[in-house]
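Reader: I should be grateful for a close look at a single part of this structure. Please treat the surroundings of the nucleic acid strand in detail, and then set them in the context of the protein that carries them.

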2 protein chains.
Amino acid sequence: MALATKKIPSAKLRSAAFKRVRADHSAELAGDYVEMIADLIDERGEARCTDIAMRLGVANATVVKTLKRLQTAELITQEPYRAIFLTVEGWKMAEDGRRKHAIVEKFLLALGVSQETARIDSEGIEHHVSTETLRAMGKFLARNGG
Amino acid sequence: MALATKKIPSAKLRSAAFKRVRADHSAELAGDYVEMIADLIDERGEARCTDIAMRLGVANATVVKTLKRLQTAELITQEPYRAIFLTVEGWKMAEDGRRKHAIVEKFLLALGVSQETARIDSEGIEHHVSTETLRAMGKFLARNGG
DNA sequence: TTGAAAGTTTAGCATAGGCTAAGTTATATG
DNA sequence: CATATAACTTAGCCTATGCTAAACTTTCAA
């Protein structure tokens with residue numbers, strides 16, 4: 001196995017990036033949910049299952065199931081057949097997400113893409129942007145009238 | 001249900017972004033695999049299970065299972081206990097991914113982040129960047145000596 | 001006040017993508 | 001050339017995230 005045994009020194013380094021991506025993904029859904037719940041509470045006074053499902057474009061039952069996980073993670077609280085509330089932790093995560101989201105979206109606009117694209121792409125990108133990159137985007141915005 | 005019935009006109013528009021993110025995610029893994037297989041073939045002449053597993057940071061069995069899906073999707077071909085090959089379609093996807101990846105990574109570097117961060121963040125970001133945003137990044141690179 | 005509509009939950013299914021443990025094949029070398 | 005080791009595969013488990021269909025609550029309005 002001469003060929004197969006040759007060590008790849010950077011393998012561990014490489015794998016770190018993919019591990020981060022996988023970790024990002026599992027955190028992503030929770031982030032999207034709490035951010036959306038926060039928006040709904042601010043916009044309409046309360047967050048309901050149906051509205052979340054509609055905005056996310058998934059079935060009601062899917063939302064219910066996910067909310068159970070968020071409750072276990074102590075990000076939300078809810079009583080059967082009642083509106084959904086965020087815990088302190090939940091609000092913190094929502095605010096964090098909003099801040100990040102806003103920077104990425106404004107950044108894309110400043111880069112010259114259309115509003116529609118900025119809105120859509122920022123949704124996917126926001127969860128994969130490190131603090132360092134976020135700071136670089138911030139600086140760019142400061143220089144380019146964000 | 002006065003409150004709950006109030007229509008949210010932008011709900012469909014909003015949900016489109018999340019739908020794209022979910023679609024991106026299911027395409028993402030396939031993209032990472034074929035890109036990595038292409039790299040291995042170029043670097044070492046062949047792609048083997050173990051190397052993919054090591055670079056991705058997952059167990060061997062996980063790779064095997066995923067490769068089955070890629071075979072069903074006609075992106076790769078393989079015989080039991082032998083190396084993995086890309087189909088024409090697989091090569092196309094790999095090239096596409098590499099091109100995208102390179103632009104995003106160079107873009108992040110040009111934006112001023114460290115090499116390490118550019119490498120890691122680009123891995124997560126590349127799959128969520130639309131053609132329009134990619135073009136904007138390219139333009140930025142042209143202006144800023146990419 | 002009661003029934004229909006709207007909203008919520010439960011049950012049951014599917015797929016993706018992880019894992020470990022155990023078995024099978026290939027190969028390098030003594 | 002026999003065998004130890006490395007590589008690969010299979011089996012079986014788990015969780016996350018989607019779905020539909022059916023059951024249950026709430027609430028509005030006749």
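**The surface near DNA strand D**

Author: In this predicted model, a phosphate oxygen of DNA strand D is 2.7 Å from an N or O atom in the side chain of A:Thr62. A second approach to the strand involves the main chain: a backbone N or O atom of A:Ala59 lies 2.6 Å from a phosphate oxygen of DNA strand D. Chain B takes part as well, with a polar side-chain atom of B:Lys68 placed 3.0 Å from a phosphate oxygen of DNA strand D. The elements that supply two or more residues to the surface near this strand are helix H4 (60-72) of chain A, and helix H3 (49-56) and helix H4 (60-72) of chain B. Of these, H4(B) gives the largest share, five residues.

The surroundings of the strand may next be taken as a whole. DNA strand D is surrounded by 24 residues, and the closest are A:Lys65, A:Arg69, B:Arg22, B:Arg48 and B:Thr50. By class, the surface near the strand comprises 13 nonpolar, four polar and seven charged residues. On the side of the nucleic acid, sugar or phosphate accounts for 75% of the atoms of DNA strand D within 4 Å of the protein, and bases account for the rest.

Residues of both chains are among those closest to the strand, and the contact between the two chains therefore deserves a description of its own. In this interface, 48 residues of chain A are in contact with 49 residues of chain B. The two chains bury about 4600 Å² between them, and 60% of that area is on carbon and sulfur atoms. Within chain A, the residues that lose the most area to chain B are A:Phe18, A:Arg44 and A:Arg55, which together make up 15% of what that side buries.

Polar and charged pairs also cross this interface. The rule finds four salt bridges between chain A and chain B; the side chains of B:Asp121 and A:Arg20 meet in a salt bridge, with 3.2 Å from N to O. Across the interface of chain A and chain B there are also 22 residue pairs in polar contact. The side of chain A that touches chain B draws two or more residues from each of helix H1 (2-5), helix H2 (11-44), helix H3 (49-56), helix H5 (88-111), helix H6 (115-125) and helix H7 (131-143) of chain A. H2(A) provides the largest share of that side, 16 residues. By class, that side has 22 nonpolar, nine polar and 17 charged residues.

Aromatic rings complete the account of the interface. Over all chains, the structure has four aromatic pairs. A:Phe140 and B:Phe140 form an edge-to-face pair, 5.7 Å centre to centre and with 70 degrees between the planes. This pair joins two chains, because A:Phe140 lies in helix H7 of chain A and B:Phe140 in helix H7 (residues 131-143) of chain B.

Finally, the structure holds 22 salt bridges over all chains. One within chain A is formed by the side chains of A:Lys92 and A:Glu89, at 3.8 Å from N to O. A:Lys92 and A:Glu89 are separated by about one helical turn, because they are three residues apart in helix H5 of chain A.

Technical notes
Residues numbered from 1 in each chain as written. Chains lettered and ligands numbered in written order. Predicted model: local features only at pLDDT ≥ 70, side-chain atom pairs only at ≥ 80, totals over all residues. Heavy atoms only, no water. Near = heavy atom within 4 Å. Polar contact = N/O pair within 3.5 Å; in protein donor to acceptor, adjacent residues only side chain to side chain. Helix = DSSP H or I, 4+ residues; strand = E, 2+ residues; numbered from the N terminus. Nonpolar A, V, L, I, M, F, W, Y, C, P; charged D, E, K, R; others polar. Contact = heavy atoms within 4.5 Å. Buried area = accessible area lost by both parts, 1.4 Å probe. Phe/Tyr/Trp six-rings, centres within 6.5 Å; stacked < 30°, edge-to-face > 60°.
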